[in-house]
Amino acid sequence: MNQALIEARQAVVKWKPQLLLSAMQRYALAILSVSLALGISLLMKSFHVREVGIPLFLFAIAISAWYGGGAAMLALLLSCISFDYFFTEPLHTLYITGSDLPYFISFTSFASLVTWFSTVRRRAEAELRQARDELEIEVAERTQQASLLNLTHDTIFVRNMSDVITYWNRGAQELYGWIAEEAIGKRSHDLLRTGFPEPLEDISAELLRTGRWEGEIKHTKADGNVVVVSSRWSLRRDEQGRPTGIMEISNDITERKHREQEISALNEELAERTAELESSNKELESSNKELEAFAYSISHDLRAPLRHIAGFTELLKKNTASVLNEKSQRYVMMILDSAKRMGDLIDDLLAFSRIGRAETRQTMVGLEQLVQEVLTELRQDTGGRDIVWKIGALPVVYGDRSMLRLAFVNLIANATKFTRTRAQAEIEIGCRNQSPNQIVLFVRDNGVGFDMKYANKLFGVFQRLHSAEAFEGTGIGLATVQRIVHRHGGSVWAEGLVDQGATFFFSLSTFQRKESRV
Amino acid sequence: MSTLGRILMVEDDPKDVELTMTALEEYNLANEVVVTRDGEEALDYLYCRGNFSTRSNDNPAVMLLDLKLQKVHGLEVLAQIKSDEKLRMIPVVVLTSSREEIDMVASYKLGVNAYVVKPVDFHEFVNAIKELGIFWAVINEPPPGSVKKN
């Protein structure tokens, strides 16, 4: 800034005309011009032209006076002496006769007047020049400042106390879309349709009291779009302390505001979702409790009458064995069968619901040993059958041992059940790695299989693809398997062909996971 | 069969009472059975009050306790017995339809001596009652102060 000012001053100095002479030169000029005037006058006098003396001396004085007061005085003095000595009677003396005195005085007075005029004019000119120089400097400074203000990306404009814009920088032009010529002279609040965060009177009061104001305001651009700016106002005062204008420096924070709004909207949404989640969690909890009460009630109240039906039918059968005909005895048997089946259904249903309700107890479970246990248990029922078992290498997984055991019991029991019609049953249990943290286990048999179009029904509660006469069962086993696998975060599916065997797959994650409820 | 201890049965369902009695009769265990129909009556019997104010105050050799009872729940009866100095020695067998783990855990926490789920199958049911009756009323030596019949 200082450097720029100095350069501006130097430019002004260079521009000055080189008419200013040194004092010595000015006095030399005075002597020279008077001498020249004297010489010419003497020359003219020798040709008897007498009346050119006075104008020539006046001219010499005027020339000297042009360049300075002191030189003019010298020229005046020299001219008076020369005029007195060479052209006033008696000649070649400095004596002035009474008759020539008015003439001499009028010459001196006129010469003095010329000198005075010239000096006054000179002084005025010097003052004028100085004023112009100062003006130039100020213009240069202002220009410099203005161009500096234009360099900033901030929006800066100045308005006077009547709200009329007096300065408008390039930042303002870029943000609002009006160039300086369009904006200057307009009322800023009208042009920009300013929206204030608080009453304008309060803002003005604060501005007048403290000289400053800061806040976020809304402006409307030339294209009609609204921008939000962070604005800092400062009050300018004149030398008497009267407020003269207000400088507004603003930054466009529309984007930031948008993002803030987006964030707060997202936060609100998050809070809403959390609330929803909490409420559905509560619903889930309460429906879980209801389910538990329901299961408890089934367990007590449904089994009792069933036990009575079975009990009294047994007693009836015993007491009437000798009197009932064969048909009636068959009816009694059918009642007992149905009661037993219903008992099984209730037991399985309760076990199934317990899987959904019970907490899982997660431990490391060696599946190889687990499967061997299951096989030992099931072999008691498959004694005498020709079954080829192929047991692959099985991993250790993280899960609830008793649940996983139940899953294998169901799948392997199914495999033995549905291969009952085979002369030689083949059952394969194996594992393959699906991904680094997921394994897929499978149980494959060469049994009666199923039609793939019913594959989606396999895992539903009470869904059966075979008649109870052909293959006994309640239709809950695979639903139980699915629920267990889901609670372990895995999935279950099956592949099969009618009379070509079936393969049941389920996936398990190999790393520890949080319990999920199904 | 040397001596027969008195069995206190607490059962609100008359059909269950009949089936149980049938099973006990089959093995000649039924003649020392007292039946109370709800938790309150059972406590009346044990404290010799109400209808039972005139009975001798000996304790039964075993108590077969259903859980889902009217008025006073089986678990409350159990809690009352096990917190009473005079009654706590009575062997209590919970005999219930429910296989609910929550009931089982609660019963054992209160100090139950056995927990039996009534089988739906009649033969299994009769067998279970027989085993219970023989064990608790015949084989087991009841605590002092229990009613026994020679």
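A residue counts as buried here when its relative accessible area is under 20%. Keep that cut-off in mind as you explore this predicted model.

**Stop 1: strand 4 of chain B.** Select residues 62-65 of chain B, which make up strand 4. Look at where the side chains go: Val62(B) and Leu64(B) point one way, while Met63(B) and Leu65(B) point the other way. Are these residues buried or exposed? All of them are buried.

**Stop 2: the neighbours of strand 4.** Now add residues 7-10 of chain B, which form strand 2. Strand 2 pairs with strand 4 of chain B in the parallel sense, over four bridges. To see one match, show Met9(B), which stands opposite Leu64(B).

Next, select residues 92-96 of chain B, known as strand 5. Strand 5 runs parallel to strand 4 of chain B, and three bridges join them. Here Leu65(B) has Val94(B) as its bridge partner. To follow the chain from strand 4 to strand 5, select helix 3 of chain B, residues 74-82: the path passes through this helix, and the β-α-β crossover is right-handed.

**Stop 3: where the chains meet.** Show chain A and chain B together. The contact takes 20 residues from chain A and 24 residues from chain B. About 2000 Å² is buried between the two chains, and carbon and sulfur atoms give 54% of that area.

How many salt bridges cross this interface? There are two. Select Asp16(B) and Arg307(A) to find a salt bridge whose closest N and O atoms are 2.7 Å apart. Finally, select helix 10 of chain A, residues 254-320. Helix 10 supplies 16 residues, the largest share of the side of chain A that touches chain B.

Note on methods. Residues numbered from 1 in each chain as written. Chains lettered and ligands numbered in written order. Predicted model: local features only at pLDDT ≥ 70, side-chain atom pairs only at ≥ 80, totals over all residues. Heavy atoms only, no water. Buried < 20%, exposed > 50% of the residue type's maximum accessible area, 1.4 Å probe, protein only. Helix = DSSP H or I, 4+ residues; strand = E, 2+ residues; numbered from the N terminus. Pairing = 2+ DSSP bridges. Right-handed = clockwise from strand over helix to strand, strands pointing away. Contact = heavy atoms within 4.5 Å. Buried area = accessible area lost by both parts, 1.4 Å probe. Salt bridge = Lys/Arg side-chain N within 4 Å of Asp/Glu carboxyl O.
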